[in-house]
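Reader: I would like a close look at one part of this model, the largest cavity. What lines the largest cavity, and which element gives the most to it?

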Amino acid sequence: MTAVVPALAGALIVAGTLGVVAGLRKTTPPPPAPRRHRRSPWARLTTRTKRLLAAGALAGLVIAVATGWWIALVAAPAAVAGIPALLSAPAAAAHVDRLEAMEEWTRALAGVLTVGAGLEQALIATVRSTPEPIRPEVTRLAARLRARWPTEQALRVFAEDLDDATGDVLAANLILAARRRGAGLASVLEGVAESVAADVRARREVEADRAKPRATARWVTIITVTVLGLMALSGQYVAPYGTPLGQVLLVALLGLYVATLVWMRRMAVGRQLPRFIAPTTQEATP
């Protein structure tokens, strides 16, 4: 027991000394992670949605002035812009089409590289045969290469334009090829195309299964809007909500019900895979 105490004390002294030395050493702090430019919620809305909100606000103002139901100032814009959004199909089908376009473009690029063209020449040559879902992104990539952008920087901005995990896989292979300038890129791209094709098949099966709950949520929304419209036309049912307190209570109840409809819709919407290529600091278009 008496020998253990000095040994433990010595070990603690050595550990403390090493800790002091490690603390006094100068270390270079890691560079800050690049941040994405976050737009305001109003800037994220499409032009169509902004027009619907403006039309709903005007209709709500007219209804509020004519009937005294000031709840219309909130309910009308939300209904005019929200009901089409709840009834519309999600963007999953368009996303699958973009993946399929990436697969087709990757195969075309591999075919051009097989005949001996350079990477930059092959990227520019595939613009005409690029599928429509990703043609704007590939066209901008070719324009940057023609403007003598560094190939790696142009490919990183290309990945940012695609904004997809599968696009990052494709861009990463092209970036490695631009760095090494070795043979075998065509076979690598063929393998990437096969992987994307398998991903497309799997996502189409998943979307077919998700179509059923989406249809249920759509029908629930239609029935709800119809019933609420009929109730609003019958003055006796909505008469108790005509007071200021009743209108506040009605807004709260409608808000909870709309939140339930939105929750039902989101249950059938998948999440995109996270990207792994960091956003670029220079994204100026030519």
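Author: The cavity comes first, then the chain around it.

This is a predicted model, where local features need pLDDT of at least 70, side-chain atom pairs count only at pLDDT 80 or more, and totals for chains, interfaces and linings use all residues. Residues are numbered from 1 along each chain as its sequence is written, and side-chain values use heavy atoms, without hydrogens and water.

A cavity is a set of points on a 1 Å grid over the protein atoms alone, where a 1.4 Å probe fits but cannot get out; lining residues have an atom within 4 Å of a point. The count is 1 cavity of 30 Å³ or more. The largest cavity holds about 50 Å³, taken as the space filled by probe spheres set on the points. Its lining consists of Leu86, Arg214, Ala217, Arg218, Thr221, Leu261 and Arg265. Two elements, α10 (185-233) and α12 (244-267), give two or more residues each. Helix α10 gives the most, with 4 residues. By class, the lining has 3 nonpolar residues (here Ala and Leu), 1 polar (Thr) and 3 charged (Arg).

Now the chain. It has 12 helices and 0 strands (DSSP runs: helices H or I, at least four residues; strands E, at least two). Of its 286 residues, 29% are buried (under 20% relative accessible area, 1.4 Å probe, protein chains only).

Last, confidence. The mean pLDDT (the predictor's confidence in each residue, from 0 to 100) is 77. Some 78% of residues reach 70 or more. Among the elements, helix α1 (residues 4-24) has the lowest mean, 59, and helix α7 (residues 135-146) the highest, 93. Where pLDDT is low, the predicted coordinates should not be read in detail.

Note on methods. Buried < 20%, exposed > 50% of the residue type's maximum accessible area, 1.4 Å probe, protein only. 1 Å grid on protein atoms, 1.4 Å probe; cavity = no way out; pocket = protein on both sides within 12 Å on 5 of 7 lines; lining within 4 Å.
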